[in-house]
Structure formats: structure tokens, C-alpha cells
Amino acid sequence: MKAGLIGLAAVAAVEVAACGNPAPSPTAAPSSKPSSSPSATPAPTGPFAVVVTNAQRTGSTYQVLLIDDSGDIVQQVTAQLPHEKPNQTIDLPLVSASGTAVYYLDGDTDIHSLTSAGPGGLVKTIASGTTAELAFAVSPDSTRIAISAITEQSDDTKAVGVGYAEDLSDAGNHVQLWSNTGPDAARWPVAWSGGSIIDAVNELSGGGCYAGPPCDSYADSYHVISATSGQRLATVCEAPPSTGGIYYYYSVSGAPTGPGTVCEEETQSGATTTDTMETVSWTGAKAVFVTHTTTGNAGTALLLENCFLSPDGSRLLCESNTNQSAELVSPSGTITSLGRKYTLMGWIDATHFLVELDSTHLGVLEPDSGTVTPVSLPNADQTTMAGALPNAL
């Protein structure tokens with residue numbers, strides 16, 4: 001996000017003719033050691049947190065960083081932000097990770113790659129990015145790419161969003177996945193799970209952002225669709241509440257990982273409010289981790305928020321709703337406080353988690369021991385974690 005040149009010096013032998021008969025040529029003695037050439041240092045293997053800077057998208061550039069589980073920044077690259085498009089109200093993700101590389105948008109149309117060995121150059125150009133807002137997700141084997149192009153209008157009912165998949169290397173094996181109009185045009189791929197594509201679903205809000213457009217993009221729910229037909233295979237964090245009663249709230253919490261994601265379900269029946277954190281797999285299977293019920297006003301049952309499912313599916317890391325401390329949650333519902341407030345960003349692997357410590361430091365947290373390794377980074381509070389490399393999906 002280093003290249004070096006090695007120069008080899010050549011030694012020239014000069015023969016000097018002397019008066020009279022020339023001196024006999026010396027005989028070279030055999031070397032006692034075989035000659036050796038310098039070998040390249042192997043690239044780190046990871047895992048890495050994929051971090052994107054400039055969350056507010058001010059100015060014209062942003063950076064993509066690879067941070068390993070010991071807190072070292074092993075690679076970083078600077079890219080151009082895409083231009084803000086007419087009537088734009090959402091900021092789509094700029095980065096996607098596969099099993100071997102990170103792919104990032106450089107400007108409006110160009111996708112480049114980055115590995116722990118360094119930048120890999122231009123991979124693909126998407127011409128529609130000159131006028132549309134782009135998002136993409138590369139398959140784990142880096143052979144296929146799912147792309148969404150969203151064209152917003154001043155009238156949300158006229159917005160258009162199209163999604164398709166094709167080969168990463170060219171436009172071969174092109175498959176049209178969806179074509180949506182109106183508020184439903186806000187739909188974009190975030191990952192692959194086997195032969196399926198996971199796409200985030202939201203609604204255009206006519207510029208109704210809390211801080212003014214463009215807004216940060218987030219998923220209200222996920223659709224899992226076939227990468228060959230576009231057929232929907234599962235819906236995640238969008239189903240009606242499973243406990244009955246009056247629907248109050250049901251939405252995505254945390255970020256997607258290999259086993260699935262976390263959904264928060266809050267229901268209200270009379271004076272009783274129940275809040276549930278459950279995991280949902282990419283086939284739609286649910287597992288409840290913790291449920292909390294109170295009697296009183298709606299919203300008082302909220303015990304945890306911003307929960308992230310570990311890549312092995314064994315636990316959640318959440319924020320306490322009362323004091324914002326980090327909390328580990330087991331499948332049985334046991335909650336263990338880590339005793340400190342963090343801004344949670346995402347799992348690097350099953351035993352390391354990236355957190356924000358303050359405006360100039362991120363941190364690699366080991367939840368089992370509570371150990372935190374600081375990562376010095378200017379404007380750390382303006383970064384997001386785009387996933388992990390290798391991608392857990």
C-alpha cells in the first residue's frame with residue numbers, strides 16, 4: 001500500500017603487459033563454499049484486518065491497510081475516492097477481500113489488488129462507474145466478481161439499481177442478478193458464500209441522513225442469492241419476529257462472517273419488552289445467544305448492542321448498552337465483561353479482534369486474555385474495518 005532494486009557489481013580483471021616474457025597466469029583456487037544468491041523475504045501470511053481510512057470521505061484519497069494480529073501494518077496503499085454522483089445519498093463500500101487478496105476501487109471505475117506482498121496493479125475497469133455508484137464483492141478464489149451499479153435520482157421512485165456477476169479477468173460468463181427501481185435500488189453485494197452471493201439491502205431515504213448526504217452505507221438485512229441465476233436462497237435479518245407479539249425491531253448487528261451474522265430482535269407485548277441477540281446462518285438457520293426481558297417502556301430491554309459473530313461461530317463480542325464495555329457472549333447466554341470500553345470493529349480471526357482505542361490508535365484485542373496491542377494510526381477514529389484477509393466467507 002515497496003520495491004527495491006539490487007545492483008550487482010562486476011569486477012574487471014586488467015592484464016598488464018610487462019617487459020620481457022609475460023608472467024604465468026594464476027590458477028584460481030576452488031571455492032571452499034558454494035556461492036549463494038540472496039533470497040526474497042516471504043510475504044507475511046496473515047491473518048490481516050483490512051482497514052479503510054477516511055470514513056468521512058473528505059478530500060480526494062483514502063488508504064487501504066493490512067494489519068496483522070500482532071498489530072503491525074504490513075502493507076498500505078493510497079487510492080482515489082470515487083467522485084460524488086448526482087443525487088447521491090449513500091456511500092457504498094470501496095473494498096472487497098477474497099481468500100488471497102484485497103480489491104479496492106481507485107477512482108470511479110478501476111479496481112486494483114493488494115496482498116501482503118504489495119500492490120498488484122489494475123485488475124478490472126467498470127465503465128458504468130463514471131455515472132453510477134459502484135459496489136463489488138470478489139469470490140474467495142478470485143475468479144468471479146459481483147457488481148452493483150446504483151443510479152440515484154432526485155425522485156427516489158426513479159432510482160435504478162442493477163446487479164450482475166461475471167469473471168474477474170474480463171466480462172465473460174456474465175449473469176444478470178437483479179434490476180430494482182425506486183427505494184429498493186439500494187442493494188449491493190458484500191461477500192460470497194460458496195456459490196452464493198450475499199447482498200446488503202437497504203432503502204434510499206431521499207437524503208434523509210442524520211449528518212447530511214452522502215450517508216454511510218449499512219445493511220438493514222441480507223439476501224443470499226444464487227450466483228448463477230439470481231434466485232433468492234435465504235433472507236437474513238428480515239424475517240418477522242419469531243417470538244410473536246407486536247413487531248418492534250429486527251435488524252442486522254455487527255458484520256457478516258463465514259458462519260453468518262448477528263440479528264437483533266426486539267418485540268413488545270403490552271408492557272413486556274424482549275430483546276434477543278441471535279445468529280443467522282447464510283441458509284437462514286437461527287440460534288439464540290441471549291434474551292433479556294423487562295417490563296416497562298419500549299427499548300428498556302436492550303442489554304447488548306453492536307454484536308459480532310466470531311469466524312468459527314463459537315461466540316459473540318458485543319458492546320454493553322449500559323457502559324459500552326466489551327462483552328463476550330457464549331451460545332448458552334453467559335456474558336463475560338472484558339471490563340473496558342472499546343469501539344468494536346471486527347474479528348481478524350477466531351482469537352483476535354480489531355478495536356478503536358482513541359483518535360490516534362487502533363488495537364488488536366485478544367478477548368480470551370484481555371490483552372490489547374496498540375496500533376498507532378493518525379485519525380484512527382476515521383477508519384472502518386472492511387473485513388479480514390483471508391476472507392472468512
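How do the residues lining the largest cavity divide into nonpolar, polar and charged? Keep that in mind; the tour comes to the cavity after the sheets. The model on screen is predicted.

**Whole chain**

Start with the full protein in cartoon. There are 30 strands and zero helices. Switch on a surface. About 18900 Å² is exposed, and carbon and sulfur atoms supply 52% of that area. Of the 393 residues, 46% count as buried.

**Stop 1: the sheet E3-E2-E1-E30**

Select strand E3 (73–80), strand E2 (61–68), strand E1 (48–52) and strand E30 (384–389). These four strands form an open sheet in the order E3-E2-E1-E30, with antiparallel pairing. E3 and E30 are its edge strands, and each of them pairs on one side only. Ignoring direction, neighbouring strands here are turned by 20° against each other on average.

Now keep just E1 and E2. Five bridges link this antiparallel pair. Show Val 51 and look across to E2: Leu 65 stands opposite.

While side chains are on display, one rule helps: in a regular strand they alternate between the two faces of the sheet.

**Stop 2: the sheet E26-E27-E28-E29**

Next, select strand E26 (343–349) and strand E29 (371–376). They are the edges of another open sheet, each pairing on one side only. Add E27 and E28 to complete the four strands, which are ordered E26-E27-E28-E29 and paired antiparallel. From one strand to the next, the twist averages 30°.

Walk across this sheet one pair at a time.

- E26 to E27: five bridges hold the pair in the antiparallel sense. A hairpin with two residues makes the connection. Pick Thr 343; its bridge partner in E27 is Glu 356.
- E27 to E28: this pair is antiparallel too, with five bridges. The two strands form a hairpin, again with two residues between them. Stay on Glu 356, which stands opposite Leu 362 in E28.
- E28 to E29: select residues 361–366 for E28, which six bridges join to E29 in antiparallel fashion. Pick Leu 365 and find Val 372, its bridge partner in E29.

Glu 356 is worth a label, with Thr 343 as its partner in E26 and Leu 362 opposite in E28.

Before leaving, colour strand E27 (residues 352–358) by accessible area. Is this strand mostly covered or mostly open? It is mostly covered, with five of its seven residues buried.

**Stop 3: Ala 326**

Jump to strand E24 (residues 325–329) and centre on Ala 326. Why does Ala 326 count as buried? Its relative accessible area is 1%, and the cut-off for buried is under 20%, so Ala 326 falls in that class.

Now draw a distance from its C-alpha atom to that of Ser 337. The two residues are eleven apart along the chain, and the C-alpha atoms are separated by 6.1 Å.

**Stop 4: the largest cavity**

Select Asp 275, Met 277, Val 290, Thr 291, His 292, Leu 303 and Leu 304, which line the largest cavity. Its volume is about 30 Å³. Show strand E20 (272–280) and strand E21 (286–295) as cartoon; each supplies at least two residues of the lining. Which strand gives the largest share? E21 does, with three residues.

Colour the lining by residue class to settle the opening question. Four residues are nonpolar, two are polar and one is charged.

**Stop 5: the second largest pocket**

Finish at the second largest pocket, which has a volume of about 180 Å³. Fourteen residues are in its lining; select Asp 184, Val 201, Asn 202, His 223 and Glu 238, which lie nearest the centre. Then add strand E16 (221–226) and strand E18 (246–257), the elements that give two or more residues to this lining.

Keep the class colours on. The lining of this pocket holds six charged, five polar and three nonpolar residues. For the largest cavity, the split was four nonpolar, two polar and one charged. Put both selections on screen together to end the tour.

Notes
Residues numbered from 1 in each chain as written. Predicted model: local features only at pLDDT ≥ 70, side-chain atom pairs only at ≥ 80, totals over all residues. Heavy atoms only, no water. Pairing = 2+ DSSP bridges. Axes fitted to C-alpha atoms, helices over the stretch in contact; angles between N-to-C directions. Buried < 20%, exposed > 50% of the residue type's maximum accessible area, 1.4 Å probe, protein only. Areas by Shrake-Rupley, 256 points an atom, 1.4 Å probe, with all protein chains shown as cover. 1 Å grid on protein atoms, 1.4 Å probe; cavity = no way out; pocket = protein on both sides within 12 Å on 5 of 7 lines; lining within 4 Å. Points joined across faces, edges and corners; volume = space filled by probe spheres on them. Nonpolar A, V, L, I, M, F, W, Y, C, P; charged D, E, K, R; others polar.
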